[in-house]
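Reader: I should be grateful for a close examination of one part of this model, namely the open sheet and the strand within it that is enclosed by the rest of the structure. Please add an account of the salt bridges.

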Amino acid sequence: MTFTAAEQRAMSRALELAATPGVPLGPNPRVGCVLLADDGSVVAEGFHGGAGTPHAEADALARAGAAARGTTAVVTLEPCNHTGRTGPCAQALLAAGVRRVVLAQSDPNPVAAGGAATLAAAGVDVATGLLADEARALNRVWTFAVEHGRPFVTWKFATTLDGRSAAADGTSRWVSSRAARLDTHRLRALSDTMLVGTATVAVDDPALTVRDEEDQPLARQPLRAVMGLRDLAADRRIFDAALAGGAETVHLRTRDPHVALAELFVRDRQHVFLEGGPTLAAAFLAAGLVDEIVVYVAPALLGAGLPAVADLGITTITQAFRPTVTDITVLPGLDGEQPNVRLTLTPAPRTET
């Protein structure tokens, strides 16, 4: 399909609008919309501000008023075709008299999809695929969750140079530097669920909160989830809502990662930040349920102690689990500490050579 220069500029702007600071990362997708006149000038702009607020198209149409008639709507996601908390955007565009719709990403949600076909059937000129990759990247986690029917899983761990996450006596504070821990809180804030195993809760008693540089909890806190069959003492910090500004905690009574993710998906959770110990990590890796790995490597050697991941059943080097490195970042040391290195990786299928 061909797109005008004005439409291309408008789509870039719509993506910027969709990523407006403060817009929640879920459970709804982030969407932006720009209405163009025939001469390519901007009539109105809009974006979706989160669940329960007007969708991007409705926001832009409301700002345009009668001037929306005859315009081209440039939108980052296919207009929805169903009634939820708000009405279908496809019908709103038809009612406003929009002449043409240019969209980036088709809606992967079967419940909401079909807006493009509805518009085309009503005589609206519909063009699809402008900056589609950029639109998918904007809603990477949401798109994954919808397409796979489960949350996206980021496994994070900290390790020494020799792959130890704790010393022989079980101590692990702190393997990583303060800069790495601050970066971890930044990443936690991008998720909607933090998940650990019952052993981690019983031994380490984590609060599992997202905190700022002053070690204060942020206003928005992800769901705190613990997975495993063992009973846990009620005084564990993960169950203290006051520590996390009232954030909810759920105990998933299972050892099966598939079951745990299914339960979280039913709760409308889309991004799990996996921070459990080596046994839980191995279970998710073995199940093929790790989608991203973030590891902080500290310049230290222990020689013994807890490994970062438990036995994966690998007996020879050709079977090694070899994820693809997508980013390497050096985190400068703070308060006299040595730098740490953050590696971001994407798991790849194991192959024997």
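Author: The account below treats the sheet, then one strand within it, and then the salt bridges.

The model is predicted: local features require pLDDT of at least 70 and side-chain atom pairs count only at pLDDT 80 or more, while totals for chains, interfaces and linings use all residues. Residues are numbered from 1 along each chain as its sequence is written, and side-chain values use heavy atoms, with hydrogens and water left out.

Helices (H or I, at least four residues) and strands (E, at least two) are DSSP runs numbered from the N terminus, and two strands pair if DSSP finds at least two bridges between them. On these terms, eight strands form an open sheet with mixed pairing, in the order 10-9-8-11-6-12-15-14. Strand 10 (249-252) and strand 14 (324-331) stand at the edges with a single partner strand each, so one side of each is left without a neighbour in the sheet. From one strand to the next, the twist averages 20°; axes are lines fitted to C-alpha atoms, for helices over the stretch in contact, and angles run from 0 to 180 degrees between N-to-C directions.

Strand 12 (residues 292-297) pairs with strand 6 (residues 152-159) in the parallel sense, over six bridges. Within this pairing, Ile293 of strand 12 is the bridge partner of Trp155. With strand 15 (residues 340-346), strand 12 pairs in the antiparallel sense over five bridges, and there the bridge partner of Val294 is Thr344.

In a regular strand the side chains alternate between the two faces of the sheet. From strand 12, Glu292, Val294 and Tyr296 point one way, whereas Ile293, Val295 and Val297 point the other way. Buried means under 20% relative accessible area, exposed over 50%, and partly exposed in between (1.4 Å probe, protein chains only). Six of the six residues of strand 12 are buried, so the strand is largely enclosed by the rest of the structure.

Helix 10 (residues 278-286) lies across strand 6, strand 8 (193-197), strand 9 (223-227) and strand 11 (271-274), where contact means heavy atoms within 4.5 Å. The helix runs at about 110° to strand 8.

A salt bridge is a side-chain nitrogen of Lys or Arg within 4 Å of a carboxyl oxygen of Asp or Glu. A search of the whole structure finds 20 of them. One network of salt bridges links Asp183, Arg186, Asp327 and Arg342.

Arg236 and Asp205 also meet through their side chains in a salt bridge (3.8 Å, N to O). Arg236 lies in the loop between strand 9 and strand 10, and Asp205 in the loop between helix 8 (198-204) and strand 9, so the pair ties together parts that are 31 residues apart in sequence. Asp205 counts as buried, at 17% relative accessibility.

A further salt bridge joins the side chains of Glu147 and Arg136 (3.0 Å, N to O). This pair links distant parts of the chain, with Glu147 in helix 6 (residues 140-148) and Arg136 in helix 5, eleven residues apart. Glu147 counts as partly exposed at 41% relative accessibility, and Arg136 likewise counts as partly exposed at 35%.
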